[in-house]
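Grab a coffee and work through these exercises with the model open beside you. Try each task on your own before reading the solution.

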Amino acid sequence: MSNGNTTMDKVVALCKRRGFIFQSSEIYGGIGGFWDYGPLGVELKRNIKDAWWRDMVTGHDETAQLPDAPSPYAMVGLDTTIIMHPQVWRASGHFDLFYDLFVDCKTCKGRFRADQLGTSQCPRKPSKRPGEHDDCELTEPREFNLMFKTYVGALLDPTAEAYLRPETAQGIFVNFKNVLSTSRVKVPFGIAQIGKSFRNEITPRNFIFRSREFEQMEIEFFCAPADSQAWYAYWRDRRVAWYVSLGLKSEKLQLREHGPEERAHYSCGTADIEYAFPFLPEGEFGELEGVSHRSDFDLRSHMEGKLVRDGDELVVERDEHGQPRHPGSGKDLSYFDDATQTKVVPHVIEPSAGADRTTLAFLCEAYDEDAIPDEKGVPQERVVLRLHPRIAPIKAAVFPLVKKDGQPELASEIYRTLKKRWNVFYDEKGSIGKRYRRQDESGTPYCITVDHQTTEDDTVTLRDRDTTEQTRVKIADLEGIVAERIAG
Ligand code: ATP
């Protein structure tokens, strides 16, 4: 059952072989940092996003006080645009600060992230780091803003410049007042959004872990300043529990609290939910999600203008004429609290997850190799994806044992019944062992086989992917049993 033998190469090979993930524009040689999701991958990623939306938003009970939550709270969703008013990014600080430092090598023309020189390879001598080869000539580190620039409208001049959003969060902040005035939410409440984000990463790498186009699942949770630390603790733990509930159960998942030196200047607390991806050296973890206590930084920025730290205070950054360097909207984004009869700018807790990194973590955790006996009892090696049934791309596969004696007709009938509810697959090609094996690799938790006995007593075999155990169940009970098992 161990998946200690998981290597990145094996996961990547499986993703290609089974149609989970392909390189974007592959027939033209691909384009760095962009990935396409194939027929199984799109289902897996969609199931992950649906589980997140269901568990965080539509399934949330706002009348109940959840364990460890300071109080009941409401949750609503949004879907905002990828291109926004350019001032959004000036006031938020992204225009000035959303950069990485890079160095160029004048000899080989390679470009590297300054903070990743220690883990990068010299293109001319991969056993060496950039700068270690005798001929290397590295430049001083320079800033590179990660936002993709584009133009809105027909004029390609600076007044038409706009950006593809590097995070979905700002679409939520600028709609804070709209949500407040059109829904019946009261602080504390959260606004959730799932959507594409774009970052022109200097060195995209490690498959879908760091790409230039990716999807985020973000919540901005608005609360009273006095309760914000308690809400921060709640969201940190709630989000870790979510990953565990969908199968990230191993010691490879960890929560790491940032020290004050690692936090952004506005943050009162940040914790990363991390996973020990197989491409990382032993003992190292990569970020899946950041949970951050952002104080009133974002709402104030969009009211007053770009903020900078001055001692203990966040103050508007001013130009040489004393004017805000990057003005905010000037709109009042405060909240009137009926209970205390006071006006406050709510504090924000932000659990910000990446759908692609989450997909990759679930794939790595689920990948396993074992040996199971074939029809003659001889052990055969197999690759199996032990995905949680809720996120598995295909929930069940239906097979006739043989292509005669009315078995395909019966199997098709079962397939059609189950298909109304789930993504179910029908297969009558090849030996039954091979059909099971294909589904094991695809992560399908259940296989249903119609055989000779089915015509006699209306039962089929239900095979469990993980144990390979087969039980006989009545066709009439099948839907209920599968539903129960998927719900876990
Ligand atoms: P990193 O330090 O790895 O660049 P980050 O701290 O900049 O990540 P955030 O800005 O906190 O990331 O974004 C929230 C989440 O969005 C991350 O936890 C990650 O899951 C996802 N994400 C960020 N950048 C990328 C990327 N280039 N490719 C895929 N997912 C990403």
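## Exercise 1: A glutamine in a strand

Task: work out whether Q193 is buried or exposed, and find what surrounds it.

Solution. Start with accessibility: Q193 comes out at 0%, so it counts as buried. Here buried means under 20% relative accessible area, exposed means over 50%, and partly exposed is in between (1.4 Å probe, protein chains only). Next, place it: Q193 sits in strand β9, which covers residues 189-198. Helices (H or I, at least four residues) and strands (E, at least two) are DSSP runs, numbered from the N terminus.

Now list the neighbours. Setting aside residues up to four places away in sequence, Q193 touches W52, W53, L78, D79, T80, R165, T168, I172, Q216, M217 and E218. Contact means heavy atoms within 4.5 Å. For scale, R263 is 70 residues from Q193 in sequence, and their C-alpha atoms are 24 Å apart.

A word on the ground rules: this is a predicted model, where local features need pLDDT of at least 70 and side-chain atom pairs count only at pLDDT 80 or more, while totals for chains, interfaces and linings use all residues. Residues are numbered from 1 along each chain as its sequence is written, and side-chain values use heavy atoms, with hydrogens and water left out.

## Exercise 2: The whole chain

Task: sum up the protein chain in terms of helices, strands, box and burial.

Solution.
- Count the elements: there are 13 helices and 25 strands.
- Box it: along the principal axes, the C-alpha atoms fill roughly 90 × 70 × 50 Å.
- Check burial: of the 488 residues, 50% are buried.
- Look at contacts: among those with a separation of 6 or more, 64% are between residues 24 or more positions apart.
- Finish with the surface: about 23200 Å² is exposed, and carbon and sulfur atoms supply 50% of that. These areas come from the Shrake-Rupley method with a 1.4 Å probe; for residues, only the protein chains shown count as cover.

## Exercise 3: One side of a helix

Task: find the buried residues of helix α1 and say why they are on the same side.

Solution. Go along α1 (residues 8-18) and pick out M8, V11, L14 and C15, its buried residues. They span an arc of only 130 degrees around the axis, so they end up on the same side of α1. The arc is that of the directions from the helix axis to the C-beta atoms. What lies over them? The cover includes β1 (21-23), α9 (355-366), β19 (367-373), β20 (379-385) and α11 (432-442). Just past the helix, G19 takes a positive phi of about 80 degrees.

## Exercise 4: Cysteines without a bond

Task: count the disulfides, then explain why C136 and C223 have no bond.

Solution. The count is zero disulfides, where a disulfide is a pair of cysteine sulfur atoms within 2.5 Å. Take C136: its closest cysteine sulfur belongs to C122, 4.2 Å away, so that is too far for a bond. For C223, the closest is in C268 at 10 Å, again too far. Then check burial: C136 is buried at 17% relative accessibility, and C223 is buried at 0%.

## Exercise 5: Backbone oddities

Task: find the cis peptide bond, and say where S25 and D458 are found.

Solution. Begin with the peptide bond: V187 and P188 are joined in cis, with omega about 5 degrees. P188 is in the loop between α6 and β9. Now S25: this residue isn't a glycine, yet its phi is positive, about 55 degrees. S25 lies in the loop between β1 and β2 (35-37), and is partly exposed at 36%. D458 also isn't a glycine and has a positive phi of about 55 degrees. Its loop runs between α12 (452-457) and β24 (459-464), and D458 is partly exposed at 46%.

## Exercise 6: Two more residues

Task: give the burial and contacts of L180 and E381.

Solution. L180 belongs to helix α6 (residues 176-182) and is buried at 16%. Beyond four places in sequence, L180 touches V185, F189 and Y335. E381, in strand β20, is exposed at 73%. Leaving out neighbours within four places, E381 contacts D370, A371 and R437.
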